[in-house]
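Take a moment to look over the model below. Then follow the paragraphs from the whole chain down to single residues.

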Amino acid sequence: MAWLRREPTGVRDLTVRAVLFKGTRDLLPIYALYGVLFADHGLSTAQISLLLAIWSVTAFLLEVPSGAWADTVPRRRLLVLSCVLQAACFVLWMLVPSFAGFALGFLVWGVAGALESGTFEALIYDDLVARGEPSAYARIMGWTRGAQESTVLVAIVAAAPLFALGGYGLVGWVSVGVGLLHTLTALALPSAPVAISATAVDDLDDEPAPGPVGPHVKPGAVPAVAPRSSSPGSTSSRYLAMLTTGLSEALHVRRVRRGVLLGALLYGVTAFDEYFGLLAVSGGASTSTSALLVGVTVVGSLIGSLLAGRTEVVSSRTLALALFVAGILFIAGALAVGVAQGPALVWVGFIGIGIAYGIDFNAEVIAGARLQDAIEGPARATVTSVSGLLSEIVALGVFAFVAVATQWLAMSTTIALLGSVMLVAAALTPTWLPPRQGIERGRTENATPDHGGEPG
């Protein structure tokens, strides 16, 4: 327990703690069975859809407000609360296995997800700034994303034997236990101060400050660090100030706005992975084989995430080229599955999709790191939450497109069309990807200031 109480001693120690936190977040065997759990307790398909809507809408509505809260109060405290709420969801499901209990659980889980989104990223980045090591952010995020992908697989595989041994009760209470373990990993995270460059709440624009006081730092400079408690005024006034400042920076500072949009596009479009199983079956694969084919895409995302620390140094044009190749591979892979006359072409198609998926995940981690570099105001979690909110909108767009398009098109054609979003991202990346801290920033600072009156 002494390890939980002390601050991380270095970047490696911080990486271990961050990986443990993200790895335990999704190590939940109930993920694989909650749909069947609801059905077995008498819920109709419409009721299950309503439960999922409650979950999504709660997280959606609280995404940005919770980000501003994370810029107002200690972030580690919010992450601990998020973990406790997630565990509470499964306690409710086990104790009150009814529509009301499931709905209340999803409401609590939605709040937990909103509290964690943006807060974790801001905490890690500010801690790295305090250590003078912001360049390690992409590597850490790549490892944490890889940990998430790996533990989801472990949880899904573990669900079957746990259910065989103890039914839904064992699966549910093991998930509660994992939630409590997740809470311990949150306690081990650093209590990083807010990284700010000067006065907390000034209007932000793209122009560098003319003097030593202002919300921006010079290119390549490391922001000063001030403790959160130094913010003047009441908690409510600080909250409103952070909310306003974060929204202002996300909407009006060109490189931040473009980074927010690009990150949301790259992450939101990965919602197409919900249809990989259906794509495999449409190509003639059996149910068991489809699971293996989906596993190929998970391996792709895992490798792409783990390589982000190495590829973060690439230029925006190189990343754009990689995304263009990914888009072509994805489209070709999906179409290959659609015309497959045997298992060989289905596997070839999914290997292409897996490579494309890995490139997209890699690019999303890089875009997230560049966004953190671009944020210079004090409301880091708020800005990050705006990107999370927009990614949810992109994901909803993906779901709506598939629902409509599959009325007329084959699943393979529909999924292939979604690959065109990667081509759009590739076209936008050279101008929308924020520059690396201290390397390309100078060119951006010399650009014409954006006062929010033009699109893009």
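What follows is a short walk through this structure.

This is a predicted model. Start with the whole chain. It has 19 helices and two strands. Of its 456 residues, 52% are buried. Now think about contacts with a separation of 6 or more. Residues 24 or more positions apart account for 83% of them.

Next, go to the inside. In soluble globular proteins, nonpolar side chains tend to be buried together. The largest nonpolar core here has 29 residues. Which of them touch the most other members? They are Phe272, Phe276, Leu279, Phe330, Phe350, Val398 and Ile415. Five helices give two or more residues each to this core: α11 (276-282), α14 (316-339), α15 (343-374), α16 (380-405) and α17 (411-418). The largest share, six residues, comes from α15.

Pick out isoleucine 415 in this core. Leave aside its neighbours within four places in sequence. Isoleucine 415 is then in contact with Tyr275, Leu279, Phe330 and Ala334. There is also a second, separate core, with 24 residues. Leu28, Leu33, Tyr168 and Val176 are among them.

Now turn to the rings. The whole structure holds 27 aromatic pairs. One of them joins phenylalanine 21 and phenylalanine 120. The ring centres are 5.2 Å apart, and the planes meet at 15°. This pair counts as stacked because planes under 30 degrees apart fall in that class. Where do the two partners sit in the chain? Phenylalanine 21 is in helix α2 (residues 11-25), and phenylalanine 120 is in helix α7 (residues 119-131). They are 99 residues apart, so the pair links distant parts of the chain. Are they buried or exposed? Phenylalanine 21 has 0% relative accessibility, so it counts as buried. Phenylalanine 120 also has 0% relative accessibility, so this residue counts as buried too.

Rings can also gather in a cluster. One aromatic cluster is formed by Tyr31, Tyr34, Phe38, Trp55, Phe90, Trp93, Phe102, Phe106 and Trp109. Keep Phe38 and Trp109 in mind. Each one leads to a residue of helix α4.

Begin with isoleucine 48. It lies in helix α4 (residues 45-70). Its relative accessibility is 17%. Why does isoleucine 48 count as buried? The cut-off is under 20%, so 17% falls on the buried side. Phenylalanine 38 is ten residues away along the chain, and the two C-alpha atoms are separated by 6.9 Å. Beyond its neighbours within four places in sequence, isoleucine 48 is in contact with Gly35, Phe38, Ala39 and Leu43.

Threonine 58 is in helix α4 as well. Its relative accessible area is 11%, so threonine 58 is buried. Tryptophan 109 is 51 residues away along the chain, yet the C-alpha atoms of the two are separated by 8.6 Å. Not counting residues up to four places away in sequence, threonine 58 touches Leu107, Gly110 and Val111.

Last comes the empty space. Rolling a probe the size of a water molecule over the atoms shows where empty space is left. This structure holds two cavities of 30 Å³ or more. The second largest has about 30 Å³ of space. Which residues line the second largest cavity? They are Arg25, Ser82, Cys83, Gln86, Ala112, Gly113, Glu116 and His182. Helices α5 (75-95) and α6 (99-116) each give two or more residues to this lining. By type, the lining residues divide into two nonpolar, four polar and two charged.

Methods. Residues numbered from 1 in each chain as written. Predicted model: local features only at pLDDT ≥ 70, side-chain atom pairs only at ≥ 80, totals over all residues. Heavy atoms only, no water. Core = buried A, V, L, I, M, F, W, Y, C linked by side-chain atoms within 4.5 Å. Buried < 20%, exposed > 50% of the residue type's maximum accessible area, 1.4 Å probe, protein only. Helix = DSSP H or I, 4+ residues; strand = E, 2+ residues; numbered from the N terminus. Contact = heavy atoms within 4.5 Å. 1 Å grid on protein atoms, 1.4 Å probe; cavity = no way out; pocket = protein on both sides within 12 Å on 5 of 7 lines; lining within 4 Å. Points joined across faces, edges and corners; volume = space filled by probe spheres on them. Nonpolar A, V, L, I, M, F, W, Y, C, P; charged D, E, K, R; others polar. Phe/Tyr/Trp six-rings, centres within 6.5 Å; stacked < 30°, edge-to-face > 60°.
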